[in-house]
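Could you walk me through this structure, starting from one residue and moving on to its charged pairs and helix contacts? A plain explanation in paragraphs would be welcome.

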Amino acid sequence: MSNLYLVDDDQAVLDSLTWMLNGLGYQPQGFLSADSFLNQAELQSEGIAILDVQMPGMDGSALLSHLTKTNSPIAIIMLSGHGNIAMAVQAIQKGALDFLEKPVDGDKLVALLEQAEIQTKLNMQRKVEREALSEKLKTLTPREYEVMEKVLEGKLNKVIAAELNIAQRTLELHRQKVMQKMQVNNVAELAFLMGKST
């Protein structure tokens, strides 16, 4: 089970949610502000966070944006006492799994937590893949990177050689190096690898 975080500036809400989740077999950690959550939570590990939308200081929406920007694998469920459709749509567009209204429906929450558990594992897997790709890309020289981009555009060797003003044999060597460093056998695998990073 991943870490489960509750972030709400209302202690009574934190208490009732914690009580409900304890009854369902979860052990959530509660935070009264986005700042205390950011300082204490394991932001780059698998986890689930239930965030209140309206909080003083950094609100739930800003916190969601921050977590998305830092590529945190934590799956987010938004919570609001007076949500509206526009707010819910915006939260989901920013990457939240869902948007719940207070008081929280226990059955709906359990179903969402199961989805969130799958989501955070997928996020973590993507994060690991992105980091591995980033390490591979760092091994390329600027020229090799240039060659790789042109190969991915589907250009022929002789066209790329002419564009870069190098001999075709030199280009083939660069191309070979790119394949070795990126640990792929062909252009299709390279395209697939680069496509997964977006």
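## A walk through the model

Let us begin with Ala34, which is found in helix 2, the helix of residues 34-40. Please keep in mind along the way that this is a predicted model. Is Ala34 buried or exposed? Its relative accessibility is 2%, and because buried means under 20%, Ala34 counts as buried. Leaving aside residues up to four places away in sequence, Ala34 touches Val7, Met55, Met58 and Leu63. You can also look from Ala34 to Gly57: the two are 23 residues apart in sequence, and their C-alpha atoms are 7.7 Å apart in space.

Now let us turn to the charged side chains. Side chains of opposite charge can pair when their charged atoms come close. How many salt bridges does a search of the whole structure find? The search finds 12, and a few of them are worth visiting one by one.

Take Glu135 and Lys138. These two form a salt bridge in which the closest N and O atoms are 3.1 Å apart. Both residues lie in helix 5 (residues 106-138), and they are three residues apart, about one turn of the helix. Glu135 has a relative accessibility of 46% and so counts as partly exposed. Lys138, with a relative accessible area of 60%, is exposed.

Next comes a group of charged residues that link up. Which residues are joined in a network of salt bridges? They are Lys150, Glu153, Lys155 and Glu163. Within this network, Glu153 pairs with Lys155, with 3.1 Å between the closest N and O atoms. Lys155 also meets Glu163 in a salt bridge, at 3.0 Å from N to O. Glu153 is exposed, as its relative accessible area is 51%. Lys155 is partly exposed at 28%, and Glu163 is partly exposed as well, at 40%.

Lys150 deserves a stop of its own. This lysine sits in helix 6. Why does Lys150 count as buried? The relative accessibility of Lys150 is 17%, and buried means under 20%. Apart from residues up to four places away in sequence, Lys150 touches Lys155, Ile160, Glu163 and Leu164. Two of these names, Lys155 and Glu163, will be familiar from the salt-bridge network that includes Lys150.

From here we can follow helix 6 into its contact with another helix. Two packed helices are described by the angle between their axes and the distance between the axes. The axes of helix 6 (residues 142-152) and helix 9 come within 10 Å and cross at roughly 100°. Helix 6 is therefore roughly perpendicular to helix 9. On the helix 6 side, Met148, Val151 and Leu152 take part, and they meet Val187, Leu190, Ala191 and Met194 of helix 9. Sorted by class, this contact has seven nonpolar residues, no polar ones and no charged ones.

Helix 9 (residues 187-196) also meets helix 5, the helix that holds the Glu135 and Lys138 pair. The axes of helix 5 and helix 9 come within 9 Å and cross at roughly 120°, so the two helices are oblique to each other. Their crossing is left-handed. Which residues make the contact? Glu129, Leu133, Lys136 and Leu137 in helix 5 meet Leu193, Met194 and Lys196 in helix 9. Here the residues divide into four nonpolar, no polar and three charged.

The last stop is helix 8 (residues 168-182), whose axis comes within 11 Å of the axis of helix 9, with a crossing of roughly 50°. That angle makes helix 8 oblique to helix 9. The crossing of helix 8 and helix 9 is left-handed. Arg175, Val178, Met179 and Met182 come from helix 8, and they meet Val187, Leu190, Leu193 and Met194 in helix 9. By class, the contact of helix 8 with helix 9 has seven nonpolar residues, no polar ones and one charged residue.

If you would like one residue to keep in view while you turn the model, try Met194 in helix 9. Met194 appears in the contact with helix 5, in the contact with helix 6 and in the contact with helix 8.

Note on methods
Residues numbered from 1 in each chain as written. Predicted model: local features only at pLDDT ≥ 70, side-chain atom pairs only at ≥ 80, totals over all residues. Heavy atoms only, no water. Helix = DSSP H or I, 4+ residues; strand = E, 2+ residues; numbered from the N terminus. Buried < 20%, exposed > 50% of the residue type's maximum accessible area, 1.4 Å probe, protein only. Contact = heavy atoms within 4.5 Å. Salt bridge = Lys/Arg side-chain N within 4 Å of Asp/Glu carboxyl O. Axes fitted to C-alpha atoms, helices over the stretch in contact; angles between N-to-C directions. Parallel < 35°, antiparallel > 145°, perpendicular 65-115°, else oblique. Left-handed = near helix turned anticlockwise from the far one by under 90°. Nonpolar A, V, L, I, M, F, W, Y, C, P; charged D, E, K, R; others polar.
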